[in-house]
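Here is a short guided look at one protein chain, meant to be read with the model open beside it. Turn the structure as you go and follow the residues from heading to heading.

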Amino acid sequence: MPQIVEFPARPYVGVRATITMTSFGVVGDRIGELIGWLAERGQAPVGAPFFRYDSINMPADRLVVEAGVPVTAPVEAERDYFTATLPAGRYVTVSHHGHPDQLMGVTAAMLKWAEGEGLTWDMTEKDGTEHWGCRLELYGTNPQIEPDLNNWDIDLQFRLA
């Protein structure tokens, strides 16, 4: 069942790209690179790496997505990396154990639940594109330890208005 959780502001380092559903690797494959870059600077992530969906236009198969790694405090970024902060606030969250390909169904169920509860997302829509204040997929499973995607733990966190 989804829950509503209050989260504080959370700093992170990330990369951003405009992708399609079939080119997710453009951002996803860079999570390990971000973690390695932090390690070179004597820092470790302070939570699960994530994808942050800035905008989604499913009919056009166009998404603006960030891959991010949470840190204790903002770091000075270089290359195409940036630092930002996930906004504090109330989030609807749900946990999923299983393959990431199953997330579309999990997301649909969460959106339907929230609609039934009368909740409003931190999201605006313009010309068929959803612009999200903060829509996250957090990956709690280290793929180097558990390579079987069917055994992954993934949390969804969508910020409420």
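## The chain as a whole

Over residues 1-161 the chain is 17% helix and 41% strand, and the C-alpha atoms at its ends lie 20 Å apart. Please keep in mind that this is a predicted model. UniProt, in an unreviewed entry, places the feature "domain: AraC effector-binding" at residues 1-161.

## Salt bridges and a shared network

Let us turn to the charged side chains. Side chains of opposite charge can pair when their charged atoms come close. With a cut-off of 4 Å between a side-chain nitrogen of Lys or Arg and a carboxyl oxygen of Asp or Glu, the count comes to nine salt bridges. One pair to look at is arginine 16 with glutamate 66, whose side chains meet at 3.0 Å, N to O. This pair links distant parts of the chain, since arginine 16 sits in strand 2 (residues 10-19) and glutamate 66 in strand 4 (residues 62-70), 50 residues apart. Are the two partners buried or exposed? Arginine 16 counts as partly exposed because its relative accessibility is 46%, while glutamate 66 is buried, with a relative accessible area of 2%.

Next, find aspartate 54 and arginine 52, which form a salt bridge with their closest N and O atoms 3.9 Å apart. Both aspartate 54 and arginine 52 are buried. Which residues do shared partners join into one network? The answer is Arg16, Arg52, Asp54 and Glu66, joined by salt bridges that share partners.

## A bridge between two loops

Another salt bridge connects glutamate 78 with arginine 41, and here the closest N and O atoms are 2.8 Å apart. Again the pair links distant parts of the chain. Glutamate 78 lies in the loop between strand 4 and strand 5 (82-86), and arginine 41 in the loop between helix 2 (31-40) and strand 3 (50-57). The two residues are 37 residues apart.

How accessible are these partners? Glutamate 78 has a relative accessible area of 36%, so this residue is partly exposed. Arginine 41, at 35% relative accessibility, counts as partly exposed.

## Threonine 93 and its surroundings

Now move to strand 6 (residues 89-97), where threonine 93 is found. This residue counts as buried because its relative accessibility is 12%. The side chain of threonine 93 reaches the backbone oxygen of leucine 156 at 2.9 Å. Leaving out residues up to four places away in sequence, threonine 93 touches Met1, Pro2, Gln3, Val5, Met110, Leu156 and Gln157.

One of those contacts, glutamine 3, belongs to strand 1 (residues 3-7). Apart from neighbours within four places in sequence, glutamine 3 is in contact with Tyr91, Val92 and Thr93. For a sense of distance, the C-alpha atoms of glutamine 3 and aspartate 101 are separated by 22 Å, with their positions 98 residues apart along the chain counted as sequence separation. Methionine 1 and alanine 109 give another example: they are 108 residues apart along the chain, and their C-alpha atoms are separated by 9.5 Å. Alanine 109 has its place in helix 3 (residues 103-116) and is partly exposed, with a relative accessible area of 49%.

## A nonpolar surface patch

Which residues form a nonpolar patch on the surface? They are Met21, Met58 and Met104, with about 300 Å² of accessible area together. Methionine 58 lies in the loop between strand 3 and strand 4. At 39% relative accessibility, methionine 58 counts as partly exposed.

## Positive phi in two loops

A last stop concerns the backbone. Most residues other than glycine have a negative phi. Aspartate 61, however, has a positive phi near 50 degrees. This aspartate is in the loop between strand 3 and strand 4, and its relative accessibility of 29% makes it partly exposed.

Arginine 79 also has a positive phi, about 55 degrees, although it is not a glycine. Its place is the loop between strand 4 and strand 5. Is arginine 79 buried or exposed? Arginine 79 counts as exposed because its relative accessibility is 60%.

Note on methods
Residues are numbered from 1 along each chain as its sequence is written. This is a predicted model: local features need pLDDT of at least 70, side-chain atom pairs count only at pLDDT 80 or more; totals for chains, interfaces and linings use all residues. Side-chain values use heavy atoms; hydrogens and water are left out. UniProt positions are given in the numbering used here, feature names are shortened, and annotations may be inferred rather than shown by experiment. Helices (H or I, at least four residues) and strands (E, at least two) are DSSP runs, numbered from the N terminus. Buried means under 20% relative accessible area, exposed over 50%, partly exposed in between (1.4 Å probe, protein chains only). Patches are made of residues with over 30% relative accessible area and no salt bridge: like charges are joined within 9 Å, nonpolar side chains (Val, Leu, Ile, Met, Phe, Trp, Tyr) within 5 Å. Accessible areas come from the Shrake-Rupley method with a 1.4 Å probe; for residues, only the protein chains shown count as cover. Contact means heavy atoms within 4.5 Å. A polar contact is a pair of N or O atoms within 3.5 Å; within protein, one must be able to donate a hydrogen and the other to accept it, and residues adjacent in sequence count only if both atoms are side-chain atoms.
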